[in-house]
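Notebook open, coffee poured. Today I am looking up a sheet and the empty spaces in this model.

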Amino acid sequence: MDTKVAEVRADFVPAEHFLSREFLERENARLWPKVWQLACREEELATAGSFVTYDIIDETITLVRTEDQTIRAFYNVCQHRGRRLTQGCGKMKLFRCGFHGWQWNLDGSVNKVLDRENWEGCPDFTDEDLGLKPVRVATWGGFVFVTMDPDAEPLEDFLAPVPQYLDPFELSAMRYRWYVSVRLPCNWKVAVEAFNEGYHVAGTHPQLLQGQGDDSSYTETFGRHGRFWNPMPNRPFGAPSARTGLPVPDDLRPGIIDYLDIIDRQLSAIYSRRDAEAARRLMDLDPATPHMELMVSLVEFQKEAAIASGAGWPDISLQQLFEAGIDWHVFPNMVILPYPDAALAYRALPDPTDPDRCTFEIYSLERYAPGTEPPLERQYFHGSDDWRNFSEVSEILQQDFNNMGEVQRGMKSRGFCGARPNPLQESTVSNFHRSLLEFID
């Protein structure tokens with residue numbers, strides 16, 4: 001029998017949301033079958049026959065590019081005896097069941113039923129009955145989403161107002177720089193919430209304080225979604241955070257360059273290497289150049305470098321760049337950090353039976369000149385302790401991952417009753433959990 005979940009406040013989230021198997025089962029039954037959720041990127045379905053298998057809880061869905069170049073999604077199950085049809089990703093001409101050899105065309109229609117005459121006279125055995133069962137699919141920003149709910153609102157309504165802020169970045173023009181999937185010893189919500197606020201930077205990433213300027217960020221919610229940004233920084237980019245006790249330097253140029261170099265070396269995402277190199281042109285400017293002029297010049301130098309490379313640059317104004325903020329949490333399990341030349345996206349997937357584990361995926365995206373995109377090579381850190389060696393991919397993300405298992409273990413203490421998010425800098429956390437309860441309560 002269902003029991004009432006504890007109250008969520010702006011400054012409190014009950015520990016059971018992260019630890020309870022009953023809460024996990026509620027999510028499995030009432031959340032994932034109802035929401036639009038990220039399944040893959042369009043470039044993973046580049047040509048006819050390209051497919052991706054998306055597994056969520058105990059459900060499995062295959063996305064495929066059909067002969068007419070549309071993207072279709074089907075429940076990944078043979079209509080004969082229930083065997084899964086695809087695993088992972090790849091290329092195929094037909095769906096084929098490895099059990100008895102039944103086949104389907106890329107559009108889900110029946111192609112072959114072995115010894116079909118043996119079912120002569122049996123009810124519910126028409127081609128329509130035996131076709132693969134479709135799943136709703138839609139795209140935005142180069143991302144492919146699915147929902148298992150035939151009555152769900154259109155994707156554009158579900159995402160609103162996120163596209164209003166992020167469409168100017170032309171995310172659909174970006175391609176994978178790298179892709180990594182890692183198994184983490186924490187609940188999927190712990191993983192998501194490590195990235196939907198910037199309050200953790202001072203404690204987790206102290207190396208960023210030397211040039212980030214004001215590291216205080218403010219969160220704002222938009223229905224189920226949220227962002228963090230810094231609308232009125234009290235220290236300019238390129239200066240050390242006030243938390244360091246260091247003064248604002250007269251020359252901000254070295255701090256800007258060093259910060260972008262750190263992000264390039266330790267994250268390899270959000271900004272492209274081209275962005276970091278272009279920043280060096282700031283040294284050609286007068287050291288006394290005002291901060292806002294430096295920022296305008298920085299973006300212009302980066303734009304010129306991207307255009308010169310053939311990658312192009314989105315039609316985005318400085319006002320749009322500012323209003324987009326730093327980071328968006330797209331409900332339920334996606335995070336996007338956008339920039340005109342590159343972006344970073346995350347997806348957290350629950351373990352279907354264990355609230356203490358999840359799979360976390362990182363997508364570093366970048367603009368490339370046509371034909372120069374690197375081949376997509378998926379890396380997997382799926383061993384029980386593989387996450388401990390993630391610094392070989394990203395030192396910054398290793399710092400984040402070091403927190404997550406300790407958070408999950410710590411929340412089990414008798415001395416802990418729930419998380420206490422900062423109402424100004426972490427309102428996205430409590431809003432996320434209120435939104436979850438709309439589905440599972």
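How many nonpolar, polar and charged residues does the lining of the second largest pocket have? I counted 14 nonpolar, five polar and eight charged residues there. For these classes, Ala, Val, Leu, Ile, Met, Phe, Trp, Tyr, Cys and Pro count as nonpolar, Asp, Glu, Lys and Arg as charged, and the others, Gly among them, as polar.

**Ground rules**

I note that this is a predicted model, where local features need pLDDT of at least 70, side-chain atom pairs count only at pLDDT 80 or more, and totals for chains, interfaces and linings use all residues. Residues are numbered from 1 along each chain as its sequence is written, and side-chain values use heavy atoms, with hydrogens and water left out.

**Entry 1: the second largest pocket**

I looked up its volume and found about 530 Å³ of space. A pocket here is an open set of points on a 1 Å grid over the protein atoms alone, with protein on both sides within 12 Å along at least five of seven lines; lining residues have an atom within 4 Å of a point. Grid points are joined across faces, edges and corners, and a volume is the space filled by probe spheres set on the points. The lining holds 27 residues, and Thr53, Asp55, Arg347, Leu349 and Glu361 are the closest to the centre. Two or more lining residues come from each of β2 (37-41), β3, β12 (174-184), β17, β18 (358-367) and β19 (378-381). With five residues, β3 gives the most. Helices (H or I, at least four residues) and strands (E, at least two) are DSSP runs, numbered from the N terminus.

**Entry 2: the sheet around β3**

I followed β3 into its sheet, an open one of four strands in the order β5-β4-β3-β6, with antiparallel pairing. The edge strands, each pairing on one side only, are β5 (71-75) and β6 (89-91). Two strands pair if DSSP finds at least two bridges between them.

- β3 and β4 share six bridges, with phenylalanine 51 having valine 64 in β4 as its bridge partner.
- Valine 64 also stands opposite arginine 72 in β5, and β4 (residues 59-65) pairs with β5 over five bridges.
- Three bridges join β3 to β6, where valine 52 stands opposite cysteine 89.

β3 and β4 form a hairpin with two residues between them, and isoleucine 57 in the turn has a positive phi of about 45°. Is β3 (residues 50-56) mostly covered or mostly open? I found six of its seven residues buried (under 20% relative accessible area, 1.4 Å probe, protein chains only).

**Entry 3: the largest pocket**

I next looked up the largest pocket, with a volume of about 1300 Å³. Its lining has 49 residues, and Asn230, Phe237, Tyr271, Gly325 and Ile326 lie nearest the centre. Which element gives the most to this lining? It is α10, with seven residues. Elements that each supply at least two residues include α8 (253-266), α10 (291-309) and α12 (395-410). By class, I have 33 nonpolar, ten polar and six charged residues.

**Entry 4: the cavity**

Lastly, I checked for enclosed space and found one cavity of 30 Å³ or more. A cavity is a set of grid points where a 1.4 Å probe fits but cannot get out. This one holds about 30 Å³ of space. Among the residues that line the cavity are Trp36, Phe145, Phe331 and Met334. The lining has seven nonpolar residues, two polar and no charged.

Key:
Buried means under 20% relative accessible area, exposed over 50%, partly exposed in between (1.4 Å probe, protein chains only).
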